[in-house]
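Please describe the empty spaces of this protein, the surroundings of its ligand and any unusual backbone geometry, in terms that a first-year student can follow.

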Amino acid sequence: MKTKTYTITLLTILLLITSQMAPAQLPKETEAQKTQRMKWWTDARFGMFIHWGLYALPARHEWVKNRERLTTEQYQKYFENFNPDLYNPKEWARMAKEAGMKYVVLTAKHHEGFCNWDSKFTDYKSTNTPFGRDIIRDYVDAFRAEGIKVGFYYSLIDWHHPDYTIDRNHPQRQEYDTAYARLNKGKDMNRYREYMKNQVRELLTNYGEISIIWFDFSFPGKNGKGRQDWDSENLLKLARSLQPGIIVDDRLDLKDVEGGWDFTTPEQYKVTKWPEVNGKRVAWETCQTFSGSWGYYRDETSWKSPAQLLELLVESVSKGGNLLLNVGPTARGTFDNRAQERLKAMGEWMKYNNRSVYNCTEAPAGFVPPANSILTYNPTSKRLYVHLLAYPMGSLTLANMADKVKYVQFLHDASEIRFSTGNNETKNDINLQLPVLKPPVEIPVLEVFLK
Ligand code: GLC
């Protein structure tokens with residue numbers, strides 16, 4: 001009798017513990033199913049990030065509230081003066097499309113907590129500013145009309161919500177643990193977790209098909225926040241249940257959970273090789289700014305040139321990844337001239353050269369890029385693309401490829417590039433006869449038809 005009660009109690013305790021620990025069931029899928037679900041995205045290679053919120057008014061970084069340790073009261077003037085009268089997302093969508101971008105991700109809410117849609121769960125939203133409009137609604141419609149896949153960025157961090165506890169990344173961060181305890185008294189992260197779920201439900205229910213959600217970001221550890229603070233697994237489960245095809249970034253702190261993320265997100269740097277997790281290549285996207293900050297920054301002068309930006313794109317593709325290139329619209333609602341110029345230049349190049357980007361990936365092993373060049377490869381058409389970063393003087397050698405090459409042309413004008421093969425030990429090399437004059441293309445591309 002005694003042992004029976006003992007076993008039952010033990011079993012109950014075990015059950016209780018496991019039910020607490022048991023991860024929410026994330027939908028199971030095979031490698032192949034995942035690849036299929038993400039195919040449009042990996043084929044697309046190039047997307048637009050848009051960071052837009054109240055921080056467009058101070059115009060000195062989207063982290064301004066944090067950097068300058070502003071209180072919500074001090075920040076309030078930006079809410080009261082938010083009136084982007086020139087907001088016309090059809091223009092944005094046109095510029096994205098002309099640049100060759102196939103998908104878009106807009107900040108629905110950034111760390112400042114301001115919401116770009118008419119959320120039922122807060123007053124801190126665009127519809128309550130002098131502007132009065134649901135920004136997300138018009139955005140979604142405009143980009144969809146251009147055939148661009150629509151996504152949202154949703155900040156896990158929230159420097160406005162009263163229940164969001166002060167942590168080491170907060171504008172009101174502290175020196176001492178006792179100060180954290182004092183300031184966080186009465187704040188209830190449970191309510192904040194509910195708030196996030198309600199908002200994610202709104203965003204993924206009221207705006208039609210949403211292709212991507214970008215949760216940002218986790219910083220576990222002392223005075224930080226991670227998966228427990230966000231209830232990441234349930235948040236993700238909710239997102240996937242509302243939009244089964246949705247593609248999700250890796251910033252929920254669920255790197256070790258099966259189905260916990262779809263792609264990894266190297267931010268503002270070039271990877272040295274195709275990123276791997278447990279020895280396996282993974283889907284990845286680098287997010288990059290034109291100039292350093294994500295929100296509109298009036299006085300920043302470190303803008304990348306069109307050639308650098310194109311190199312970034314091609315580089316990413318050459319290692320099997322995507323580029324999400326960011327625009328920070330102004331507080332009038334427009335893309336600033338510097339952004340427009342760069343998008344235009346990229347579009348001009350893409351118009352003639354996008355075949356080396358879309359549906360392309362890393363070249364098969366054994367293809368060695370000549371000096372100052374980047375290779376991409378389309379496995380379906382079996383074409384290799386050689387991007388000439390520094391234009392050579394009249395000739396270029398493709399080493400050890402003669403047995404593989406059928407035909408070579410410039411991509412931008414489909415003009416033939418004649419070639420000869422070497423002798424003796426170089427007889428498998430191809431010597432291309434290029435015009436001495438660099439063609440009028442930012443980065444000329446050779447299209448190599450393989451056997
Ligand atoms: C960072 C920053 C943020 C930006 C994001 C984009 O996590 O906090 O301002 O939105 O990266 O990747």
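## The ligand and its surroundings

One oxygen atom of the ligand is found 3.0 Å from an N or O atom in the side chain of Asp216. This distance, like every other value in this report, comes from a predicted model, and it belongs with two further distances of the same kind, which are set out in the table below.

| Side chain with the N or O atom | Distance to an oxygen atom of the ligand |
|---|---|
| His111 | 2.8 Å |
| Asp216 | 3.0 Å |
| Arg251 | 3.2 Å |

Around the ligand there are 14 residues, and those that come nearest are His51, Glu62, His110, His111 and Glu267. His111 therefore appears twice in this account, being among the nearest residues and having an N or O atom in its side chain within 3.5 Å of a ligand oxygen.

## Confidence in the model

The average pLDDT of the protein is 95, and 95% of the residues score at least 70. Residues 18-24 should be read with care, since here the pLDDT stays under 50, and for this stretch the model has 4 contacts beyond four places in sequence.

## Unusual backbone geometry

Most residues other than glycine have a negative phi, and most peptide bonds are trans. Against that background, two places in the backbone deserve a look. The peptide bond that runs from Asp216 to Phe217 is cis, with omega near -15 degrees, and Phe217 is placed in the loop between strand E4 (212-216) and helix H10 (227-230). Asp216, on the other side of this bond, is also the residue whose side chain has an N or O atom 3.0 Å from an oxygen atom of the ligand. The second place is His61, which is not a glycine and yet has a positive phi of about 100 degrees; His61 belongs to the loop between strand E1 (46-50) and helix H4 (64-67).

## The largest pocket

About 1,200 Å³ of space lies in the largest pocket. Its lining is made up of 43 residues, and Glu31, Lys34, Trp261, Asp262 and Val282 are the ones that lie nearest its centre. Two or more lining residues come from each of helix H2 (31-37), helix H3 (39-44), helix H11 (232-242) and strand E7 (280-281), and H2 gives the most, with 4 residues. When the lining of this pocket is sorted by character, 15 residues are nonpolar, 12 are polar and 16 are charged.

## The cavities

Rolling a probe the size of a water molecule over the atoms shows where empty space is left. How many cavities of 30 Å³ or more does the count come to? There are 2 of them.

The largest cavity holds about 120 Å³ of space, and of the 15 residues that line this cavity, Ser291, Ser293, Gly295, Trp303 and Gly328 are the closest to its centre. Its lining divides into 7 nonpolar, 6 polar and 2 charged residues.

The second largest cavity has a volume of about 30 Å³, and its lining consists of Lys270, Val271, Trp284, Thr286, Gln288, Leu312, Glu315 and Ser316. Strand E8 (285-289) and helix H12 (306-318) each supply at least two of these residues, and the largest share, 3 residues, comes from H12. By character, the lining of the second largest cavity splits into 3 nonpolar, 3 polar and 2 charged residues.

Definitions and conventions. Residues numbered from 1 in each chain as written. Predicted model: local features only at pLDDT ≥ 70, side-chain atom pairs only at ≥ 80, totals over all residues. Heavy atoms only, no water. pLDDT = per-residue confidence, 0-100. Contact = heavy atoms within 4.5 Å. 1 Å grid on protein atoms, 1.4 Å probe; cavity = no way out; pocket = protein on both sides within 12 Å on 5 of 7 lines; lining within 4 Å. Points joined across faces, edges and corners; volume = space filled by probe spheres on them. Nonpolar A, V, L, I, M, F, W, Y, C, P; charged D, E, K, R; others polar. Near = heavy atom within 4 Å. Polar contact = N/O pair within 3.5 Å; in protein donor to acceptor, adjacent residues only side chain to side chain.
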